[in-house]
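Have a look at the model below. We will walk through a helix crossing and then stop at two loop residues.

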Amino acid sequence: MTGDNDLSPARLRHARFAIAAVFCAHGAVTGSFATRIPWIQDHAQLSAGTLGLALAFPALGAALAMPLAGRINHRFGARAALRGLLAMWTLSLILPSLAPNLPALCLALLIYGATAGMSDVAMNALGVETENRLRRSIMSSLHGMWSVGALLGSAAGMVAAHSGTDARLHHLVAALVLTAAGLVAVRGVLDLRSDGEAQAPPHFALPPKSALLIGAIGFCAVFAEGASLDWSAVYLRDVLHTDAGLAAASTTAFALTMAVARLAGDRVVDRFGPVRTVRAGGVLATAGGLLVVLVQHPVAALAGFGMIGLGIAVVVPLAFAAAGRSGPAPAQAIAGVATITYTSGLIAPSAIGAVADASSLVVSFGLVTLLAFALVVGAAVLRPRPPVGQSGGGTGQKAGPADRDEPVDIRP
């Protein structure tokens, strides 16, 4: 990648804050949408079953569109691609609440998911490039900022829902505000372009081989995340027979530990390296899964779900970072990993339900525990390497702390 000749410490710090704001805006769209799903269901007159069908379309749209992101990045450059794709994503928030029936909602959510996926790839690719130039880990905190944005968007959505505001008005205002905020934030990100001699990626590309093993690690983490978020409350209610309030607390505990761990994760990664961090996280998540499955007590289950959240929190950010350094086309590799992880998020809730129907929820979370242990076994695939043809992210510097897996001393 070339461009943006100003790589002074002040410029790089500004670029880091700018890309963090982009992640926050991206997450706020998701939070804004999620809180108004009941309104959208009533407006389109959908049953629970048909709503479930419609809600599969965002992941489908993302999986179909993500492979296009590498070509867009190459054609327009990182900043311009992110500007356009992020604006498409924030404005797509308007569409679902306008849908009057199931077919219209499925189409709206297909577009919503496609723009989400492409902008997700663009911002992660630029996040990795920014990390390379800073020479220290930032991907975990960037994903933490996404979680912060989702919490802010959901908080605003809860206020709108509580006040009886029409979701069409709420989402129109939110989309315009987030689009404006996103465009301002994008102005500060690094302006990078592909080398003039670099071959353009194909219009539609399958995940490269370099991304498959990395994507498999992300698959395990996202499967555990989706299963815990969607089924932890059901587990406490149906298996441990707790009241609804305590059951809901399991989801909250999991989400909060994920957000906190991601915000704090960069210092851990810089200190111990990604491989040791993920192995330790896998051990923690496995222990949490064993608590849930073997002890079968509400307190143990709450602690176990919290440990799973802590253990897997930084895996996906580190998978994106590793993909971005795994070959000459970072955006294409990130798109491949993102496609695999989105697919995991799509199938995890239904897979847990299918296993539970065939046996029990205890067995389902036994599967989650096995996947958590796979992080311990497979963590080595996340060992960072300098980008191909570069020694320090294109800056002429030696590989920085984020590019090796050994203890280092990092100061802000």
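The crossing of H4 and H8 is right-handed, that is, the near helix is turned clockwise from the far one by less than a right angle. The axes of H4 (residues 57-65) and H8 (residues 102-134) come within 6 Å and cross at roughly 45°. That makes H4 oblique to H8, since angles under 35 degrees count as roughly parallel, over 145 as roughly antiparallel, 65 to 115 as roughly perpendicular and the rest as oblique. Helices here are DSSP runs (H or I, at least four residues), and axes are lines fitted to C-alpha atoms over the stretch in contact, with angles from 0 to 180 degrees between N-to-C directions.

On the H4 side, Phe57, Pro58, Leu60, Gly61, Ala62 and Ala65 meet H8 residues including Leu109, Tyr112 and Met118 (contact: heavy atoms within 4.5 Å). By class, this contact has 11 nonpolar, three polar and no charged residues; Gly counts as polar, while Ala, Leu, Met, Phe, Tyr, Cys and Pro are among the nonpolar ones and Asp, Glu, Lys and Arg are charged.

This is a predicted model, where local features need pLDDT of at least 70, side-chain atom pairs count only at pLDDT 80 or more, and totals for chains, interfaces and linings use all residues. Residues are numbered from 1 along each chain as its sequence is written, and side-chain values use heavy atoms, leaving out hydrogens and water.

Now for the loops. Both residues in the table are exposed (over 50% relative accessible area; buried is under 20%, partly exposed in between; 1.4 Å probe, protein chains only).

| Residue | Phi | Loop between | Relative accessible area |
|---|---|---|---|
| Gln45 | near 55° | H2 (37-44) and H3 (48-54) | 72% |
| His241 | about 60° | H11 (209-239) and H12 (244-272) | 65% |

Gln45 has a positive phi though it is a residue other than glycine, and His241 is not a glycine either, with its phi also positive.

Key: Helix = DSSP H or I, 4+ residues; strand = E, 2+ residues; numbered from the N terminus.
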